[in-house]
Amino acid sequence: MDDNCVLKIQVDYSNWNDADNIKRLWIMYHELTHDLFNVEHGHGGPMMDPSLPSELTKENFLKSKQTLINYLKLIKFKETCSKKGEDKLRELLKKN
Ligand SMILES: [Zn+2]
């Protein structure tokens with residue numbers, strides 16, 4: 001999260017294997033948002049809460065993902081590794 005030139009995410013192999021696809025997506029969005037955008041818990045809606053919701057459904061995931069993306073669209077990039085990377089991220093956000 002502190003090095004804007006490196007993307008590094010670690011997952012617990014056992015928990016990852018036990019998780020369904022919705023839970024895996026939720027975790028990846030959460031962790032990528034930490035690392036790519038330096039967003040901390042409590043910002044960007046339910047997906048950036050420190051723990052998973054008690055009910056994790058596809059509808060809950062899709063709604064929370066859109067809330068997060070809407071929040072990310074408002075963020076100004078303060079430190080970037082390269083302008084090219086920033087442009088690519090902005091391009092990805094526009095698609096959602
Ligand atoms: Zn977190």
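## Exercises on a predicted four-helix model

Helix 2 and helix 3 run roughly parallel to each other. The model is predicted, and the exercises below work through it step by step.

**Exercise 1.** Find the angle and the axis distance at which helix 2 and helix 3 pack, and name the class of that angle.

*Solution.* Step 1: helix 2 covers residues 21–37 and helix 3 covers residues 58–73. Step 2: the two pack at an angle of about 10°, and their axes are 10 Å apart. Step 3: angles under 35 degrees count as roughly parallel, and helix 2 and helix 3 are therefore roughly parallel. Step 4: the crossing of helix 2 past helix 3 is left-handed.

**Exercise 2.** List the residues that make this contact and sort them by class.

*Solution.* Step 1: helix 2 contributes I22, L25, W26, Y29, T33 and F37. Step 2: helix 3 contributes K58, F61, K65, L68 and L72. Step 3: sorted by class, the contact of helix 2 with helix 3 has eight nonpolar residues, one polar residue and two charged residues.

**Exercise 3.** Place P46 in the model and decide whether P46 is buried, partly exposed or exposed.

*Solution.* Step 1: P46 lies in the loop between helix 2 and helix 3. Step 2: a residue needs 20 or more neighbours to be buried and 12 or fewer to be exposed. P46 has 16 C-beta neighbours inside 10 Å, so P46 counts as partly exposed. Step 3: leaving aside neighbours within four places in sequence, P46 is in contact with P53 and S64. Step 4: the C-alpha atoms of P46 and K65 are 8.8 Å apart, while the two residues are 19 residues apart along the chain.

**Exercise 4.** Describe the backbone and the exposure of N38.

*Solution.* Step 1: N38 is in the loop between helix 2 and helix 3. Step 2: N38 is not a glycine, although its phi is positive, at about 55°. Step 3: N38 counts as partly exposed because it has 14 C-beta neighbours inside 10 Å.

**Exercise 5.** Summarise the whole protein and state where confidence is lowest.

*Solution.* Step 1: the protein has four helices and zero strands, in the pattern α-α-α-α. Step 2: of its 96 residues, 10% count as buried. Step 3: the mean pLDDT is 86, with 83% of residues at 70 or more. Step 4: confidence is highest in helix 3, at a mean of 96, and lowest in helix 4 (residues 83–94), at 69. Step 5: where pLDDT is low, predicted coordinates should not be read in detail.

Conventions:
Residues numbered from 1 in each chain as written. Predicted model: local features only at pLDDT ≥ 70, side-chain atom pairs only at ≥ 80, totals over all residues. Axes fitted to C-alpha atoms, helices over the stretch in contact; angles between N-to-C directions. Parallel < 35°, antiparallel > 145°, perpendicular 65-115°, else oblique. Left-handed = near helix turned anticlockwise from the far one by under 90°. Contact = placed C-beta atoms within 7 Å. Nonpolar A, V, L, I, M, F, W, Y, C, P; charged D, E, K, R; others polar. pLDDT = per-residue confidence, 0-100.
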